[in-house]
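Each question below asks for the reasoning behind a statement about the fold, and each answer sets a value against the definition it depends on.

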Amino acid sequence: MAEGTNRHLTTAQLAERTGVAAATLRVWETRHGFPQPMRLPGGHRRYAEGDVELVREVRALRDEGLSLPAAIERARRRTRPAVASVFAGLRRRRPGMPAAELDKTAVLALTRAIEDEYCARAGDGVLIGSFQREHFYRRSERRWRELARTADIAVALADFAGRAEPPGGPVEIPVTQRQPLAREWTVVICSEAAHACLAAWEQPTAAPLPDARRRFEVLWSFDPSVAADAVRVVAELLAAADAVLAADLRARAEAVAPGAVAALDHGGDLAHRMVGYLAGMLSSAGAGRPGVQG
C-alpha cells in the first residue's frame with residue numbers, strides 16, 4: 001500500500017508496516033489500550049495511517065530502553081496536537097466510542113445517576129466536573145462538596161474568576177469562554193469503588209434555546225479504562241496551568257489496572273439510577289411541572 005493513502009489497515013498490514021508482530025500489537029491493546037483500532041460491525045480491527053508512525057515511535061523508544069507504558073505516553077505526546085476539550089480528547093483516544101445526541105434533561109439524568117452511584121459507594125479517587133458557567137456550578141455546589149468529601153482529588157472547571165481551593169470542596173479551575181472546554185458538560189469518577197465518565201459537548205445554535213431544550217452530543221461509559229482516559233485528558237488540559245495537579249491526575253489514571261473491567265453490580269446499579277432519573281424527569285415534564293435544573 002502506498003504511503004499517505006487513507007485506506008484503513010488490518011492488524012496484519014500494521015504489523016508488516018511497523019515490524020511489530022500482530023500478536024504483540026493485540027497484547028499492547030489489551031494491556032495498555034494502544035494502539036486503538038476502529039472496529040467493524042463484525043468486530044475486526046482497522047487502523048488509521050497515523051497508527052503506523054505511532055507504533056514505529058513506540059518501537060524506537062523501547063529500543064532506547066524506555067518501558068512500554070512510558071514509550072506509549074511519550075509517542076502520543078510527540079505525535080498528537082494539544083487537546084482542546086474532554087470530549088475531543090476522548091474522541092481522539094477512543095475513535096470507535098459511540099456518541100448520542102441528547103437534550104439537557106437526559107444529560108442531567110445521566111449526570112445525577114453517576115454522582116449518586118459515586119456517593120452511594122463512598123467513592124475515593126478522582127472526581128472531576130466541568131460546568132460551563134460558574135452559576136451552574138454554584139447551583140450544585142452543596143452536592144459537589146458532599147461528593148468531594150471522600151475524594152482524594154476533586155476538580156471543578158467553569159468560568160471562575162480565578163483558581164480557588166475552598167476547604168472541603170473541589171479545586172476550582174477557571175476556564176475562559178474562548179476555550180472549547182467552556183461548551184462542555186463533564187463528569188468523571190475514577191476510584192476503586194466506581195468508574196464512570198460523561199463528556200457532553202453543547203451543539204451550537206443560530207439562536208439561544210430554552211434551557212431544557214439545549215442539545216448535547218454525549219460520550220459516556222462506566223468502563224474503567226475509558227474513565228482513566230478521561231482523567232488523562234483532563235491532566236493534559238491542565239498541564240500548562242497547573243503542573244502539580246496535572247501530574248497527580250496522571251498518576252491516578254496510570255494506577256487503573258490495564259484491562260480492568262467494571263463490576264457488573266456497579267454497571268447494573270448505574271443503569272437503574274439512570275432510568276429512574278430519566279423517567280422521573282420526563283414524568284415531571286409531562287405533568288407540566290418544571291424539571292430539575294443543573
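Q: What makes α7 a bent helix, and at which residue does α7 bend?
A: In this predicted model, α7 bends by about 65 degrees at Glu 141. The bend at a residue is the angle between axes fitted to the seven residues ending there and the seven starting there, so about 65 degrees is the angle between those two axes at Glu 141.

Q: How do you know, from its span, that α7 is not a straight helix?
A: A straight helix of 15 residues would span 21 Å, at 1.5 Å a residue, whereas α7, residues 134–148, spans only 17 Å between its end C-alpha atoms.

Q: Why are residues such as Phe 136 and Trp 144 of α7 called buried, and what covers the buried residues of α7?
A: Buried means under 20% relative accessible area, and therefore Phe 136, Tyr 137, Ser 140, Glu 141, Trp 144, Leu 147 and Ala 148 each fall under that cut-off. What covers the buried residues of α7 includes α6 (104–120), β4, β5, β6 and β7.

Q: What makes β3 and β6 edge strands?
A: The open sheet consists of 7 strands in the order β3-β9-β8-β7-β4-β5-β6, with mixed pairing. In this sheet β3 (100–103) and β6 each pair on one side only, and they are the edge strands. Neighbouring strands are turned by 20 degrees against each other on average, direction ignored.

Q: How do you know that β4 and β5 count as a pair?
A: Two strands pair if at least two bridges are found between them, and 5 bridges join β4 to β5, so the condition is met. These two strands run parallel, and the bridge partner of Val 126 in β5 is Ile 153. α7 packs on the sheet, touching β4, β5, β6 and β7, and its direction makes about 170 degrees with that of β4.

Q: Why are Leu 90 and Ile 128 counted in a nonpolar core?
A: Such a core is a set of buried residues of kinds that include Leu and Ile, joined through side-chain atoms within 4.5 Å, and therefore both residues qualify as members of the largest one, which has 33 residues. Leu 90, Ile 128, Leu 157, Val 231, Leu 238 and Leu 249 touch the most other members. Among the elements that each supply at least two residues are α5 (86–93), β4 (126–130) and α9 (243–254), while α8 gives the most, with 8 residues. Apart from this core lies another, of 26 residues, among them Leu 110 and Trp 185.

Terms used
Residues are numbered from 1 along each chain as its sequence is written. This is a predicted model: local features need pLDDT of at least 70, side-chain atom pairs count only at pLDDT 80 or more; totals for chains, interfaces and linings use all residues. Side-chain values use heavy atoms; hydrogens and water are left out. Buried means under 20% relative accessible area, exposed over 50%, partly exposed in between (1.4 Å probe, protein chains only). Helices (H or I, at least four residues) and strands (E, at least two) are DSSP runs, numbered from the N terminus. The expected span of a helix is 1.5 Å times one less than its number of residues. Contact means heavy atoms within 4.5 Å. Axes are lines fitted to C-alpha atoms, for helices over the stretch in contact, and angles run from 0 to 180 degrees between N-to-C directions.
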